[in-house]
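Please look at the sequence and the three-dimensional structure together, and keep both in view while reading the paragraphs that follow.

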Amino acid sequence: MKISFRPKLLDCLHDYSRAQAGKDIGAGITVGVLALPLAMAFAIASGVSPAAGIWTGIVAGFLISLLGGSRVQVGGPTGAFIPIIYGIVVAHGFVNLLGATLLAGVLLLAMGLARLGQLIRFIPVTVVIGFTNGIAVVIFLAQIKDFFGLQIDQVPAEFFERIKVLAAHAHTADLPTMGLSLVCLIFLLSYNRLAQRFALLRRAPGPLAVLVVGTLVAWLFELPVDTIGSRFGGIPQELPAFGMPAVSIHDFGKLISPALTIALLGAIESLLSARVADGQIDDRHDPNQELMAQGIANITAPLFGGFAATGAIARTSTNARAGGRTPIAGIVHALTLLAIVLVAAPLAAYVPLATLSAIVMVVAINMGEWHEFRELTRFSWNYRIILLVTFFMTVLFDLTVAVELGMVLACIFFIYRMSDLTRIERRVLSSEQLGPQLCHADGSPRVAAWQVYGALFFGAVNKLEELLDSRSGHPEIVVLDMQRLIQLDTTGLEGLENLHEQLAKRHCSLLLCGLNSQPLSLMTRSGFVDLLGKSSVFIDLEDALAHARRALEATAQPR
């Protein structure tokens, strides 16, 4: 297998102009400013320090743009990872989160090298919508503690325990925190309308504007609310220590399942983001190159204290709308984040956690495709069941279980549907087609013809049993017209072999006609054509009936 490693950046540099450089730098700075509050908010919501989120955005964002397969993909921590990361931190600790992220990066890199990028598109849209909406609900619930200022040391990751703990501590809600959270939430939800009326707001991303406003309100009125400084001690104004995560060999086995979850979600999220970007800029990304870049980014980020990263749909879309058209914009976004950390890190200590909580809640509200629930009645029961089961399993249990169960249900319903579409129908032969040679003395036909429709596979092979039903008569020759058979698998082939064997016991011959390329190829390679005899395979039904007529005439002649 040929391994191809060619970042999209190399293709963009051939005709790179000064004008495009200006647009890319402007877009990169815009996205970098937007990424700052999101990186901190996503990190805190995930149960880690805001500095870890910022360095994830810097390191992973830089590598994803530098090595990726999309022109405008912007990478970093995303809201979709919040429930996954939080669950790993609660169950295994931060150090093991770094190890799981690194292992997930190895898996993503291997997927890209194995050219499995296209396989991600095989995940049904019902599963994607189900777990996306489920993740949005989980993210929203995870913010209730900081949004209301509840006095809880640590919120459990498991749904039922989380609801129990939140309900038990509801009386500890802090009024100043709740008031600030509501103001920030309403301001952010109304930001687009306000930006249309006030030109000044159009120049600043909503999350950054609410971050500044919320911080100023808390500082000016001296609100007694938790801040990044009070809980985390601020953000260090220096480069992080470089080194391998100190993961114990005994913990390695426990990290395989979390790593698979990170890799799966990272692959889906990044390629979905790249596809959305393709539609915005009329381009086509390289999914395998994108997976390799995601893998390298997730291998490298933990070395700087960062955690899982993937393509961020909101930041990528902002990049495209701001004029970014090459990976240079994504690289500038990462450098902008780095400059902010090195220059303005001390100011982050004043940022209220209530403000960041409101930002994450709005992200959760916006990431869900809630209209799909309203439109469920328009679709089949199969569609509804897959989407709702995936949604509830994501909320109540685990993303990995939800995707696995959603895929299993999708496969079962697909098999059932394909089996339902597969039909084997009796062909009514005219008197001209039969003639006196192909009928018994009582007028019953000595030849029975059947038309096969659809796919003869393991889910529909039982339909061949109808040909052995005694109520179908006792023909001497059975003709299967396979002109409309589009696919045959080995189980279907075994069914045909069994049919041939059962008919032979009744002294009945089996003829095939109208075979398409795939069924004919499988029958030839397996030796079934040789078993039947090449004289038993015909171009069309007329040829098969003509052969049957000659064969029956020959048996009727006296020796």
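Which residues in the largest nonpolar core touch the most other members? The model in front of you is a predicted one, and in it this core holds 107 residues, of which Met-40, Phe-131, Ile-262 and Leu-356 touch the most other members. The element that gives the most to this core is helix α2, made of residues 18-45, which supplies 11 residues. To see what such a position looks like from close by, turn to Phe-131: when its neighbours within four places in sequence are left aside, Phe-131 is in contact with Leu-265, Ile-268, Thr-390, Thr-394, Leu-399 and Val-403. Apart from the largest core lies another one, of 27 residues, and among its members are Leu-464, Leu-480, Leu-493 and Cys-508.

Now step back to the protein chain as a whole, which contains 25 helices and 7 strands. Its radius of gyration is 32 Å, whereas the globule rule gives 24 Å for 559 residues, and because the value is well over that of the rule, the chain is more spread out than a compact globule. Along its principal axes, the C-alpha trace spans about 115 × 60 × 55 Å. Of the 559 residues, 52% count as buried, and the chain exposes about 26,000 Å², with carbon and sulfur atoms supplying 61% of that area. If one takes the contacts in the chain with a separation of 6 or more, residues 24 or more positions apart account for 83% of them.

The strands deserve a separate look. An open sheet is formed by 5 strands in the order β3-β4-β5-β6-β7, and the pairing within this sheet is mixed. At its edges stand β3 (423-427) and β7 (537-538), each with a single partner strand, so one side of each is left without a neighbour in the sheet. The partner of β3 can be followed in some detail, for β3 and strand β4, residues 447-456, pair in the antiparallel sense over 5 bridges, and in this pairing Ile-424 stands opposite Val-452 in β4.

Helices also lie against this sheet. Helix α22, which covers residues 490-505, lies across β4, β5 (477-488) and β6 (509-513), and it runs at about 180 degrees to β5. Helix α23, made of residues 517-526, packs on the sheet as well, touching β5 and β6, and its direction makes about 115 degrees with that of β5.

Notes: Residues numbered from 1 in each chain as written. Predicted model: local features only at pLDDT ≥ 70, side-chain atom pairs only at ≥ 80, totals over all residues. Heavy atoms only, no water. Pairing = 2+ DSSP bridges. Helix = DSSP H or I, 4+ residues; strand = E, 2+ residues; numbered from the N terminus. Contact = heavy atoms within 4.5 Å. Axes fitted to C-alpha atoms, helices over the stretch in contact; angles between N-to-C directions. Core = buried A, V, L, I, M, F, W, Y, C linked by side-chain atoms within 4.5 Å. Buried < 20%, exposed > 50% of the residue type's maximum accessible area, 1.4 Å probe, protein only. Rg over C-alpha atoms; globule rule 2.2 N^0.38 Å. Areas by Shrake-Rupley, 256 points an atom, 1.4 Å probe, with all protein chains shown as cover.
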